[in-house]
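Me: I should like to understand how the descriptions used for this structure are justified. Please set each value against the definition that applies.

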Amino acid sequence: MTTSDSAAGTTQPRHLYECGTLTYTKAALAALFAWLLWGDFCLRLMEAVVPSVLPLKLKALGCPNWVMGVILSAIPGVLNMTICPWVSFRSDRTRSRWGRRIPFIVGTLPFLCVFLGLLGWSEEISALLQRHLPGLRGVAPATVTVGLIALFMALFEFFNMFVNSVFWYLFNDVVPRPFIGRFIGMLRIVSTLASMVYNYFVFRYAESHMREIFLGAALLYFVGFGLMCWRVKEGEYPPLEAETERQSKGLGGVRTFMRECFTHRFYWLIFLATGCAAAGGAIGPFNIFFSREMGLSLDQIGKITAIQGGAALVAMYFTAVFVDRWHPVRISAYLSVFTFVAGWMSWVWIFVSLPGALFFWFNLAAGLIATFQGTLSAAASFPREMRLFPQSRFGQFCSAQAMFRSLCTIIAGMLAGAFIDLVRYFCHGSDFAYRFNFIWSMIFSTGAMILTVMIYRRWHQMGGDAHFHPPAPWSPQGTEEQPVTATIGPQTRWLNLAIYVFDALMILSALGIPLMMVWMRQQQAFLAYKWFGGALLPLAVLTYGWWLVLRRRIRRDMALARRGEQPLNGIPHHGMIIVAGTKFLLALILWAVQVVMMVNRDMQMAAIVFGIANVATNLMLVGAVQLMCRVERGYSTTIDVKLAEVNAQVLTR
């Protein structure tokens, strides 16, 4: 795949592409991409198995939820917090004939695959041990099996930390810089395809063929990743300087690491936001039980995930462009607010129970409606870190963030299981408790949203789009210079479109209620009729009135900015307002379908609950837009600046 060493002094033809000492023809570059993407496909399939299948196995064994939290969240968190930083640190400084990344993969891959396979045979091994070890004969078989799963899980995760850490660094070492963006885009597509394949074709057999799934994943990973390591070649790396090697050893390196990463308030905001998100995600392993409680089969759960993954593939085509044009820091801040609004609406399932087939379609539709916003948020996450962390120490800061995230995962993983057990106690041991999962995730999502907005505000104060440079405690200037990429600010045409989308959302929501009331009266659904007329219609009208006031303020500030005057509040960015408004406008159609179907099924209380959720969502949406206007106050002061003008301004700085 490599053709020559660029350090040899020869001039490379234009059809060769370089990455360090590596050079590629177009065919070699295509082969490199193919092997790396194949490795990622195998990795994603392998990683999909453990978090989706193991909770089912543990629950079948009667494992307490807090123990599940320890096994599925705390153990990986401890290893991620300790092994990953060391592996990252050592691989940067490794020099061998095979490179600095691949030796870590090849040396640990066989052990990883062995323990992954053993997870599927834990019950058989447990029975074998109890037959030959007298000390275990008095212990319940399920307890021994759970203990073995915990042991195999710990050993699997230990070796997985080696492979999974350095695989991502390999891209930066072998992929030519001009092709990084396109490669990451293809990587996301392949990852989604792997998830679709697993969820659509395999997950339905998670309970009936658990051993075969674990064994198949181990074999595929061993062969697939092994082939990738054989075909992908690393180049030569510059030798380590004696001073660098000396400072990276022992306690001196630890002190430097801690001083540079954990002494600036701005980075603490980023770490805390990431930690809150990780803590909220600790409830994730229990969400499959929520789906089962709502009447979904494993086949239906897998199909929902696969179909939504297919929709995400389409959305990925557009998101990369928008991330570059709107800035990932801005996208993350806005979408954290709008995602918070949508997340709280999960409270409806505490009061509404549907047949599994109907919940399947409602859940699928809601997921498809949210696909573009979710894909955009995911696409902005890694570029956001690249814009906020100093380039010279990017890996170091990513490692520090991973340590803090893992600490939060460890603690939250244990507490999330205890939370579920507590709720189950009040629900008399019923699986109805899993309907309260959203409370855990939304508590931490609230913290993550507040911190993400604070990061965005602080980013503005430190220069924003045109002048931000990461804080650098090691630098005499206090910051580290890095390239500034031009982005597009608010545009009159697109802001007007965003306003029209919200107009349609508020007007249709308000007008839809009296139309529903006429139909409800004809259907003799008088309880729903009274609620819609006595409570929901006045609230919808008040919400629309609040939007009209906010709408007038935004248009006033747009006019002031066009005249070169200072806006009184702030001008929201059009991009995320359009994305969020379109999503909730489509959700309005789903709401209407839900209300109609509930009335037709004589489930008037369910229709009322869906109606309350719609009005509450609109109320929170208007508040979210007003919040972002206030966040932009003093910083979003221009409008209709073209991309060419922004590029020119950046180049002259």
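Me: Why is Lys303 called partly exposed?
Reply: Lys303 has a relative accessible area of 24%. Buried means under 20%, exposed over 50%, and partly exposed in between (1.4 Å probe, protein chains only), so the 24% of Lys303 makes it partly exposed. This is a predicted model, in which local features need pLDDT of at least 70 and side-chain atom pairs count only at pLDDT 80 or more, while totals for chains, interfaces and linings use all residues. Residues are numbered from 1 along each chain as its sequence is written, and side-chain values use heavy atoms, with hydrogens and water left out.

Me: What makes Lys303 and Asp299 a salt bridge?
Reply: The closest N and O atoms of the two are 3.3 Å apart. A salt bridge requires a side-chain nitrogen of Lys or Arg within 4 Å of a carboxyl oxygen of Asp or Glu, and the pair of Lys303 and Asp299 satisfies this. Both residues lie in helix α12, four residues apart, about one turn of the helix; helices are DSSP runs (H or I, at least four residues; strands, E, at least two) numbered from the N terminus. Asp299 is likewise partly exposed, at 24%.

Me: How many salt bridges are there by this rule, and what makes Lys59 and Asp431 one of them?
Reply: The count is twelve. The side chains of Lys59 and Asp431 meet at 3.7 Å, N to O. Lys59 belongs to helix α1 and Asp431 to the loop between α17 and α18, so this pair ties together parts 372 residues apart in sequence. Lys59, at 28%, is partly exposed, and Asp431, at 29%, is partly exposed too.

Me: How do you know that Arg435 is buried, and what is its salt-bridge partner?
Reply: The relative accessible area of Arg435 is 6%, so Arg435 counts as buried. Its side chain meets that of Glu293 in a salt bridge of 3.2 Å, N to O. Glu293 lies in helix α11 (residues 287-293) and Arg435 in the loop between α17 and α18, 142 residues apart. Glu293, at 24%, is partly exposed.

Me: His327 and His428 both have a positive phi; which is buried and which is exposed?
Reply: His327, with phi of about 80 degrees, lies in the loop between α12 (298-326) and α13 (328-343). Its relative accessible area is 4%, so His327 is buried. His428, with phi near 60 degrees, is found in the loop between α17 (394-426) and α18 (437-461). At 75%, His428 is exposed.

Me: How do you know that the buried residues of α4 line one face of the helix?
Reply: The buried residues of helix α4 (residues 122-132) are Ser122, Ser126 and Gln130. Seen down the axis, they fall within an arc of 70 degrees, so they line one face; the arc is that of the directions from the helix axis to the C-beta atoms. The face turned away from this buried side carries the exposed residues Arg131 and His132. Among the elements that cover the buried residues of α4, by contact (heavy atoms within 4.5 Å), are α1, α3 (102-120) and α5 (141-174).
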